[in-house]
Amino acid sequence: MANSTQTIRRGDVIRNSLGFNHPNTLGGYFLIMLFVFLLYINSKTDISLLSVGKKISLFIFVLLTSVYFEVILANSRSSEIAMIIIIPALCAYMIYKFKVPKQWIGMAILIVTMVIAILLSYFYDPSNDIISKMNVISSNRLFLQHTALHQYGFGLLGNPLFTQGKPFWIDNQYVFNLLCIGILGSAIYLIFMYVVFKNSFKGNNYLLFVILISIVIKSAFESTATDYYSFLPFIYSFKYFYFKD
């Protein structure tokens, strides 16, 4: 009988997928499950108003499960980056109830992240020591994204000849959008994200805002923001769609 737990070695680290097709997929699913869990808890009882004991218990649970799934099992660096954003933000929210920044703050972070991610890929230069080290740390992502952008190009509607994984895996949502849906599709994606950020502001949902920011940053290292399971926080935001600004 085949082993349902796929393991992948990266250097001296053994990564586990627990039956998923890749450890990064395990990390991604756990991350979204954690997001949904926090949003659900916060929708029932404002986390910032919980008793000290319940806050400590919740924080320990989030921290330990995150370390176990994201660091020990999957060792998914992109999901770990998202957790580095979420865990301190959750801790801060337990101490003080923050107001949600306006949607323009979220969009500014998104646009800056997107521009940097695309430019680093498009103008990748292995002769630059800093860029070369970034490529090594990112498991050759910059080189693959650079190659795909210059081989397939991108236009108003993308290039229909590009297929994820054949031959390139593009672990960058913003580059992936350019290749698959082009400039127009990327613009529509930005409009959609603007609406989602505005929803978080109208609902004054700080946790949702932080979760969206973590997805924005994670998207520079994986192209999973448009996967069906990643849409759950986006869908959740539309409960505030008809709220007044």
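In this predicted model, Tyr-96 sits out in the open, with a relative accessible area of 53%. That value puts Tyr-96 in the exposed class, because exposed calls for over 50%. The residue belongs to the loop that runs between helix H3 (77–95) and helix H4 (103–122). Leu-49 is 47 residues away from Tyr-96 in sequence, yet the two C-alpha atoms are 9.3 Å apart in space.

Helix H3 also holds Ser-78. Ser-78 is buried, at a relative accessible area of 4%, and its side chain makes a polar contact of 2.5 Å with the side chain of Glu-222. Glu-222 then turns up twice more, once in the lining of the largest cavity and once among the residues closest to the centre of the largest pocket.

The pocket is a good place to go next. The largest pocket holds about 960 Å³ of space. It is lined by 35 residues, and those closest to its centre are Asn-24, Arg-141, Asp-171, Phe-221 and Glu-222. Helices H1, H3, H4, H5 and H6 each put at least two residues into that lining. By residue type, the lining of the largest pocket splits into 14 nonpolar, 14 polar and seven charged.

As for enclosed space, a search of the whole structure turns up one cavity of 30 Å³ or more. The volume of this largest cavity is about 90 Å³. Its lining is made up of Gly-28, Leu-31, Ile-32, Ile-215, Lys-218, Ser-219, Glu-222, Thr-224, Ala-225 and Ser-230. Helix H1 (23–44) and helix H8 (206–218) each contribute at least two of the lining residues, with H1 giving the most, at three. The cavity lining breaks down into four nonpolar, four polar and two charged residues.

H8 itself is a plain case as far as length goes. With 13 residues, H8 reaches 18 Å from its first C-alpha to its last, close to the 18 Å expected at 1.5 Å a residue. The helix is mostly covered, as twelve of the 13 residues of H8 are buried. Among the buried residues are Tyr-206, Phe-209, Ser-214 and Val-216, along with two that also line the largest cavity, Ile-215 and Lys-218.

Helix H7 (residues 173–202) is another story. At 1.5 Å a residue, a straight helix of 30 residues would span 44 Å, but the end C-alpha atoms of H7 are only 26 Å apart. Along the way, H7 bends by about 120° at Ile-181. The N-terminal end of H7 is capped by Asn-172, which has a side-chain oxygen 3.0 Å from the backbone nitrogen of Tyr-174. After H7 comes Asn-204, with a positive phi near 50°.

The loop leading into H7 has some details of its own. Between helix H6 (141–152) and H7 lies Pro-167, and the peptide bond joining Lys-166 to Pro-167 is cis, with omega at about 0°. Asn-159 is part of the loop between H6 and H7 too. At 15% relative accessibility, Asn-159 is classed as buried, since the buried class covers anything under 20%. The Asn-159 side chain reaches the backbone nitrogen of Leu-161 at 2.9 Å.

Backbone oddities also show up between helix H5 (129–137) and H6, where Ser-139 is located. Ser-139 has a positive phi near 60° without being a glycine, and Asn-140, likewise not a glycine, has a positive phi near 70°. Most residues other than glycine have a negative phi, and most peptide bonds are trans. Asn-140 is in the loop between H5 and H6 as well. In terms of exposure, Ser-139 is partly exposed at a relative accessible area of 38%, and Asn-140 counts as partly exposed at 32%. Both land in that class because it covers the range between the 20% limit for buried and the 50% limit for exposed.

Technical notes:
Residues are numbered from 1 along each chain as its sequence is written. This is a predicted model: local features need pLDDT of at least 70, side-chain atom pairs count only at pLDDT 80 or more; totals for chains, interfaces and linings use all residues. Side-chain values use heavy atoms; hydrogens and water are left out. Helices (H or I, at least four residues) and strands (E, at least two) are DSSP runs, numbered from the N terminus. The expected span of a helix is 1.5 Å times one less than its number of residues. The bend at a residue is the angle between axes fitted to the seven residues ending there and the seven starting there. A polar contact is a pair of N or O atoms within 3.5 Å; within protein, one must be able to donate a hydrogen and the other to accept it, and residues adjacent in sequence count only if both atoms are side-chain atoms. On a 1 Å grid over the protein atoms alone, a cavity is a set of points where a 1.4 Å probe fits but cannot get out, and a pocket is an open set with protein on both sides within 12 Å along at least five of seven lines; lining residues have an atom within 4 Å of a point. Grid points are joined across faces, edges and corners, and a volume is the space filled by probe spheres set on the points. Ala, Val, Leu, Ile, Met, Phe, Trp, Tyr, Cys and Pro count as nonpolar, Asp, Glu, Lys and Arg as charged, and the others, Gly among them, as polar. Buried means under 20% relative accessible area, exposed over 50%, partly exposed in between (1.4 Å probe, protein chains only).
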